[in-house]
Amino acid sequence: VRPAAMAAERALAMATCTAPVNIAVIKYWGKRDTDLILPINSSLSVTLHQDQLKTTTTAAASRDFTEDRLWLNGKEADVGHPRVQACLREVRRLARKRRGGGEDAAALSLSYKIHIASENNFPTAAGLASSAAGYACLVSALARLYGLEEELSEVARRGSGSACRSMFGGFVQWQRGERPDGTDSLALQVAPETHWPELRVLVLVVSGEKKPVGSTAGMQTSVETSPLLKHRAEVVVPERLAQMMQHIRDRDFEGFGQLAMRDSNQFHATCLDTFPPIFYLTDVSRHIIALAHRYNAHHGHTKVAYSFDAGPNAVIFALADTVAEFVEVVRRSFPPATNGDQFVRGLPVGSAVLPPELEAAVLSQPVPGAVQYILHTKPGPGPQLVDDPSQHLLGPDGLPRSRA
Ligand code: DP6
């Protein structure tokens with residue numbers, strides 16, 4: 001008996017995967033094709049470790065399901081969302097192609113309705129980008145369900161542009177591609193997560209508020225109105241991408257950090273150059289930017305580098321030996337509102353005493369409560385299969401398990 005045919009005969013098939021968040025150091029902003037999600041420039045990101053930030057998704061197919069259904073963080077959501085549908089359609093198309101289109105018994109399971117449940121291990125309200133991990137996880141789980149083994153960043157891209165980069169661990173490039181059909185607009189791993197063992201990431205969560213303008217709508221307005229964005233995509237990014245790849249290969253934090261900050265700043269400059277303008281950075285974001293520059297100036301070189309996406313939270317890159325001191329600088333600058341119990345989360349952070357010269361040069365008037373908490377993490381691997389069936393988010397009845 002062929003294994004594929006066996007799978008089709010099963011009443012219920014289920015697969016669970018996890019997928020990571022990524023943070024771009026050369027930003028994606030702007031599409032040349034909004035339906036296929038083809039970008040106007042290539043981008044490059046660092047995949048963050050799933051021990052701290054991840055999405056888990058279970059996909060199930062059964063001949064007993066009467067309709068496709070989707071649950072996000074325990075609540076039923078619209079499975080008809082065009083981007084969810086695009087991912088589903090593409091995965092099924094690849095599965096059909098793989099099976100040779102014949103009247104294979106296995107082809108039957110492609111007509112089964114599916115149930116999908118997805119959860120984040122971090123609060124969506126924290127304003128951390130969840131669509132990249134979400135779509136990378138959806139596509140990974142569906143691929144497992146249908147037994148696909150090929151590289152699927154092209155499919156994840158149809159869910160959310162940045163999601164294609166979450167299909168790999170470590171350092172990942174999304175190459176813009178040239179073809180109108182998008183078949184060359186793919187993610188490629190530049191280096192694995194083990195390449196730069198000292199690299200650390202601090203997420204400074206400054207606000208749980210929803211962003212004023214979503215990325216999808218925002219970047220479209222930018223494409224239509226910002227001459228700076230056009231210049232960025234055509235001239236600036238191609239140069240920067242090559243430089244950034246070299247800095248990563250060389251594990252050159254000075255070069256990497258400088259360029260990451262400049263690229264984040266240029267992205268936010270294109271937002272200001274958009275008409276009407278878009279503001280993602282807040283006063284707290286700007287405080288963090290100024291603090292990072294004072295800290296680096298005090299040390300005489302780039303010790304920390306910030307990057308901001310379409311929201312006010314700061315992502316700070318640093319080497320491991322800098323983390324404890326910089327966390328103390330942040331704690332002193334933004335004293336926790338409560339007792340500060342859970343102020344630092346994720347990987348352990350050692351204690352540090354700030355030298356008086358540093359205090360004098362770097363600290364300014366504290367802004368209590370402005371940073372809710374700091375999440376300490378590092379680069380991590382790409383999507384993972386969850387083998388343990390007890391970890392499925394859907395029960396044997398195909399419905400979400402009650403959450404503990
Ligand atoms: C600022 O990938 O969320 O985070 O493709 O429309 O889903 P869509 O947009 P999305 O945009 C991410 C923009 C960014 C920069 C980046 O991640 O490169």
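Let me start with the aromatic cluster in this predicted model, a single group made up of Phe171, Trp196, Phe253, Phe256 and Phe317. If you search the whole structure for aromatic pairs, you find 11 of them, and I would like to walk you through two that share a residue.

The first pair is formed by tryptophan 29 and phenylalanine 267, whose rings are 4.7 Å from centre to centre, with 55 degrees between the planes, and that arrangement is called tilted. Where do these two residues lie in the chain? Tryptophan 29 is in the loop between strand E2 (22-26) and strand E3 (31-33), whereas phenylalanine 267 belongs to helix H7 (residues 253-273), so this pair ties together parts that are 238 residues apart in sequence. Are the two partners buried or exposed? Tryptophan 29 has a relative accessibility of 3%, and because buried means under 20%, it counts as buried; phenylalanine 267, with a relative accessible area of 3%, is buried as well.

Tryptophan 29 also pairs with tyrosine 280, and here the ring centres are 6.0 Å apart and the planes stand at 85 degrees, so this pair is edge-to-face. Tyrosine 280 sits in the loop between H7 and helix H8 (283-299), so its pairing with tryptophan 29, in the loop between E2 and E3, ties together parts that are 251 residues apart in sequence. Tyrosine 280 is buried too, at 3% relative accessibility.

Now let us turn to a strand, E12, which covers residues 199-205. How many of its residues are buried? Seven of the seven are, so the strand is largely enclosed by the rest of the structure. To read this properly, it helps to remember that in a regular strand the side chains alternate between the two faces of the sheet. In E12 both faces are covered, with Leu199, Val201, Val203 and Val205 buried on one side, and Arg200, Leu202 and Leu204 buried on the other.

Which strands does E12 pair with? Six bridges join E12 to strand E14 (residues 314-319), and these two run antiparallel; within that pairing, leucine 199 stands opposite leucine 319. Five bridges join E12 to strand E16 (residues 373-377), again in an antiparallel arrangement, and there the bridge partner of valine 203 is leucine 375.

One last contact involves a charge and a ring: the charged end of arginine 345 sits over the ring of tyrosine 373, at 3.6 Å from the centre of that ring.

Conventions: Residues numbered from 1 in each chain as written. Predicted model: local features only at pLDDT ≥ 70, side-chain atom pairs only at ≥ 80, totals over all residues. Heavy atoms only, no water. Phe/Tyr/Trp six-rings, centres within 6.5 Å; stacked < 30°, edge-to-face > 60°. Helix = DSSP H or I, 4+ residues; strand = E, 2+ residues; numbered from the N terminus. Buried < 20%, exposed > 50% of the residue type's maximum accessible area, 1.4 Å probe, protein only. Lys NZ or Arg CZ within 6 Å of the ring centre and 35° of its normal. Pairing = 2+ DSSP bridges.
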